[in-house]
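Welcome! Here is a short briefing to help you find your way around a structure that is new to you.

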Amino acid sequence: ISEWEQLMETYSKEDVAYLVGKIFIEAKNADAALISLGDYHGYGKENKYGIQCGIYSGNLHLDRMRTIVPAGGICVTSMSGKEILEKQKEGLYLYSSEEGDVPFDYVLVTDQNAELMEDEMYTLVITESELLENDNAKLIENCSAAEAQDIMIDYFSSLKENITKESIYNW
């Protein structure tokens with residue numbers, strides 16, 4: 001399968017992160033996903049693990065779909081609601097403080113748009129590089145970039161109707 005026609009609108013980078021988070025939550029039976037946004041903070045400081053771009057309406061080709069899959073693959077882990085919310089607020093740091101690091105933003109996605117309770121434990125989907133920063137996180141499953149891509153392909157291949165922004169935010 002090399003082409004789908006499900007995208008009815010243009011999606012911003014944040015919309016794409018939300019969609020990707022929902023797909024991984026469903027595929028991994030998780031409670032939440034933290035999807036970082038790819039960005040360039042100058043002088044070679046780039047988050048290549050996050051969502052790099054939005055996508056335009058129309059046909060979603062396999063090559064375009066590959067641009068929205070996190071490059072480092074994904075991990076499934078267990079974290080408390082407090083840890084997840086703190087991680088979202090802090091952002092993702094990829095460079096040392098001596099280099100003047102600025103955090104990259106996260107998009108937090110939850111199953112059925114549920115509110116996270118600080119004292120409860122949740123199954124979380126996050127990219128591999130982000131998991132390694134948290135020594136308290138318990139690795140449940142590790143998926144390579146190729147496996148993450150297969151999850152996305154399976155999702156788009158199984159769709160019976162077109163995707164709208166409203167449908168992903170009310171999923």
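The notes below start with the whole chain and then turn to a few places in it.

This is a predicted model, in which local features need pLDDT of at least 70 and side-chain atom pairs count only at pLDDT 80 or more, while totals for chains, interfaces and linings use all residues. Residues are numbered from 1 along each chain as its sequence is written, and side-chain values use heavy atoms, leaving out hydrogens and water.

**The whole chain**

- The chain has 6 helices and 7 strands; these are DSSP runs numbered from the N terminus, with helices (H or I) of at least four residues and strands (E) of at least two.
- Reading along the sequence gives the pattern β-α-β-β-α-β-α-β-β-α-β-α-α.
- The chain has 171 residues, and 44% of them count as buried; buried means under 20% relative accessible area, exposed means over 50%, and partly exposed lies in between (1.4 Å probe, protein chains only).
- Taking contacts between residues at least 6 apart in sequence, 80% join residues at least 24 apart, where contact means heavy atoms within 4.5 Å.

**Where α1 meets α5**

- Helix α1 (residues 13-28) and helix α5 (residues 145-158) have axes that come within 10 Å and cross at roughly 95°.
- That crossing makes α1 roughly perpendicular to α5, a label for angles of 65 to 115 degrees (under 35 is roughly parallel, over 145 roughly antiparallel, and the rest oblique).
- The axes behind such angles are lines fitted to C-alpha atoms, for helices over the stretch in contact, and the angles run from 0 to 180 degrees between N-to-C directions.
- On the α1 side, the residues that meet α5 are L19, V20, I23, F24, E26, A27 and K28; their partners in α5 are A148, I151, M152, Y155 and F156.
- By class, this contact of α1 with α5 has 10 nonpolar, no polar and 2 charged residues; Ala, Val, Leu, Ile, Met, Phe, Trp, Tyr, Cys and Pro count as nonpolar, Asp, Glu, Lys and Arg as charged, and the others, Gly among them, as polar.

**More from α5**

- The count of aromatic pairs comes to 2; rings of Phe, Tyr and Trp (its six-membered ring) pair if their centres lie within 6.5 Å, with planes under 30 degrees apart called stacked, over 60 edge-to-face and the rest tilted.
- Y155 and F156 form an edge-to-face pair, 5.2 Å centre to centre with 80° between the planes, and both residues are buried.
- Q149 is also found in helix α5 and is buried, at 19% relative accessible area.
- Beyond its neighbours within four places in sequence, Q149 is in contact with M65, R66 and V69.

**Two buried strand residues**

- S36 sits in strand β2 (residues 32-36) and is buried at 1% relative accessibility.
- The S36 side chain makes a polar contact with the side chain of N47 (3.1 Å).
- V76 belongs to strand β4 (residues 74-80) and is buried at 2% relative accessibility.
- Not counting residues up to four places away in sequence, V76 touches K28, T123, L124, V125, K138, L139, I140 and E141.

**The loop between β5 and β6**

- Most residues other than glycine have a negative phi.
- Q112, in the loop between β5 (106-110) and β6 (121-127), is not a glycine, yet has a positive phi of about 55°; Q112 is exposed, at 64% relative accessible area.
- N113 lies in the loop between β5 and β6, with a positive phi near 55°, and is partly exposed at 37% relative accessibility.

Methods. A polar contact is a pair of N or O atoms within 3.5 Å; within protein, one must be able to donate a hydrogen and the other to accept it, and residues adjacent in sequence count only if both atoms are side-chain atoms.
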